[in-house]
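Let's take a friendly tour of a protein model, one topic at a time. Keep the picture in view as you read.

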Amino acid sequence: MGCSGRLPGPVEGRRASLLLTMILFFTYFFYCLPGPCEPLPPALLLPPPAALPDGAAPTAAGDAGPALGGGSRRFPQAIIVGVKKGGTRALLEFLRVHPGVRAVGAEPHFFDRCYEKGLRWYRSLMPRTLEGQITMEKTPSYFVTKEAPRRIYNMSRDTKLIVVVRNPVTRAISDYTQTLSKNPTIPSFQDLAFKNVSTGLIDTSWSAVRIGIYAKHLDNWLQYFPLSKFLFVSGERLVSDPAGEMGRVQDFLGLKRVVTDKHFYFNQTKGFPCLKKPEGSSKPRCLGKSKGRPHPKIERQVVQRLQEFYRPFNMKFYQMTGQDFGWD
């Protein structure tokens with residue numbers, strides 16, 4: 001999702017309100033002239049509530065008010081903030097099966113690319129939710145964006161944060177595979193991963209490598225949010241045991257465990273679980289063609305050197321989160 005979305009301005013809002021009022025009066029007098037009728041509800045004669053100005057602080061609930069169709073647009077109570085190529089799309093699709101979750105389909109990129117659009121614009125992207133439902137969004141690049149923790153904290157310090165992590169070596173290769181599919185002329189994985197191949201010096205300026213230094217990025221988030229606001233989801237277990245990992249996610253969000261093993265089947269071709277009954281469909285569905293691509297063959301010594309590079313960062317991440325993800 002880009003930042004080009006446009007909200008109706010005050011002129012358009014007044015015109016829409018006037019048009020609605022005219023329609024209501026016409027309907028009222030057409031049906032009520034032959035005999036007595038109940039008076040129009042006062043609420044229909046009132047102007048719409050004032051909109052939240054761009055950049056203004058939201059209310060605690062971030063409520064945009066009820067709509068004729070029911071529900072309100074609210075700021076997300078939970079955000080999947082990372083990581084790229086970790087399994088965030090799968091997690092979001094699995095969560096959307098739950099009737100208590102409403103989520104934005106595309107990635108808003110508000111807290112990294114579109115922040116100048118203001119909170120009113122951001123809230124307009126959210127789906128309408130009923131009382132008791134959770135509003136969510138996912139943008140994996142938030143986790144590696146320095147300003148994102150502060151900006152989310154300023155929106156709501158109570159936001160729950162979900163981070164899907166994966167073996168950083170496998171994640172880097174998957175990241176490269178995605179880029180290669182879009183641009184087949186890029187240098188080899190080895191050339192991009194190393195500053196100097198002969199010495200084995202890793203190039204941490206390359207985003208595919210940098211993203212996997214999870215401990216460094218988490219340090220930045222812990223300046224604003226306590227560890228209790230985070231759930232770290234294993235990308236590997238999301239594949240091997242999706243129901244078990246989804247149970248943890250539903251518990252963290254305060255939801256009843258509705259998404260269970262009956263919702264999944266394993267697709268041997270793609271190599272990961274798919275939904276038997278995705279939202280709004282009675283047919284089984286897997287993620288798109290861009291998911292589950294075969295990885296290019298990477299030389300063993302390159303993989304081993306990357307494993308050595310990430311090992312101390314992984315150990316620190318295990319200590320910080322209190323979870324051993326088994327990557328070493």
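Two strands count as a pair when DSSP finds at least two bridges between them. With that in mind, look at strand β10 (residues 264–267) and β11, which pair in the antiparallel sense over four bridges. Please remember that this is a predicted model. We will start from this strand pair, move on to the cavities, and then visit a helix contact and a sheet.

**The hairpin**

- β10 and β11 make a hairpin, and four residues lie between the two strands.
- One of the turn residues, Gly 271, has a positive phi of about 85 degrees.
- To find a pair of bridge partners, look for Phe 264 and then for Leu 275, its partner in β11.

**The largest cavity**

- How many cavities of 30 Å³ or more does the structure hold? There are two of them.
- The largest cavity contains about 50 Å³ of space.
- Which strand gives the largest share of its lining? That is β11, with four residues, so you have already met this strand as half of the hairpin.- Both α2 (88–95) and β11 (272–275) supply at least two lining residues each.
- The residues around this cavity are Glu 93, Phe 94, Phe 272, Pro 273, Cys 274, Leu 275, Arg 285, Cys 286 and Leu 287.
- Sorted by class, this lining has seven nonpolar and two charged residues, with no polar ones.
- Leu 275 belongs to this lining, and Leu 275 is also the bridge partner of Phe 264.

**The second largest cavity**

- About 40 Å³ of space lies in this cavity.
- Its lining includes Asn 167, Pro 168 and Val 169, along with Leu 306, Gln 307, Tyr 310 and Asn 314. Trp 327 and Asp 328 line the second largest cavity too.
- Two helices, α5 (168–182) and α11 (300–321), each provide at least two residues of the lining.
- The largest share, four residues, comes from α11.
- By class, the lining of the second largest cavity has five nonpolar, three polar and one charged residues.

**Where two helices meet**

- The axes of α2 and helix α10 (residues 242–252) come within 11 Å of each other and cross at roughly 75 degrees.
- Angles of 65 to 115 degrees count as roughly perpendicular, and α2 and α10 are therefore roughly perpendicular to each other.
- On the α2 side, the contact is made by Leu 91, Phe 94 and Leu 95. On the α10 side, Pro 242, Met 246 and Val 249 meet them.
- What classes of residue make up this contact? It has six nonpolar residues, no polar and no charged ones.
- Phe 94 takes part in this contact, and Phe 94 also lines the largest cavity.

**The five-stranded sheet**

- Five strands build an open sheet in the order β3-β5-β2-β6-β9, with parallel pairing.
- Which strands sit at the edges? They are β3 (101–103) and β9 (230–234), and each pairs on one side only.
- From one strand to the next, the twist averages 25 degrees.
- Inside this order, strand β2 (residues 78–82) and strand β6 (residues 160–165) pair in the parallel sense over four bridges. Ala 78 stands opposite Lys 160 in β6.
- Helix α10 packs on the sheet and touches β6 and β9. The direction of α10 makes about 170 degrees with that of β9.
- In a regular strand, side chains alternate between the two faces of the sheet.

Methods:
Residues numbered from 1 in each chain as written. Predicted model: local features only at pLDDT ≥ 70, side-chain atom pairs only at ≥ 80, totals over all residues. Heavy atoms only, no water. 1 Å grid on protein atoms, 1.4 Å probe; cavity = no way out; pocket = protein on both sides within 12 Å on 5 of 7 lines; lining within 4 Å. Points joined across faces, edges and corners; volume = space filled by probe spheres on them. Nonpolar A, V, L, I, M, F, W, Y, C, P; charged D, E, K, R; others polar. Axes fitted to C-alpha atoms, helices over the stretch in contact; angles between N-to-C directions. Parallel < 35°, antiparallel > 145°, perpendicular 65-115°, else oblique. Contact = heavy atoms within 4.5 Å.
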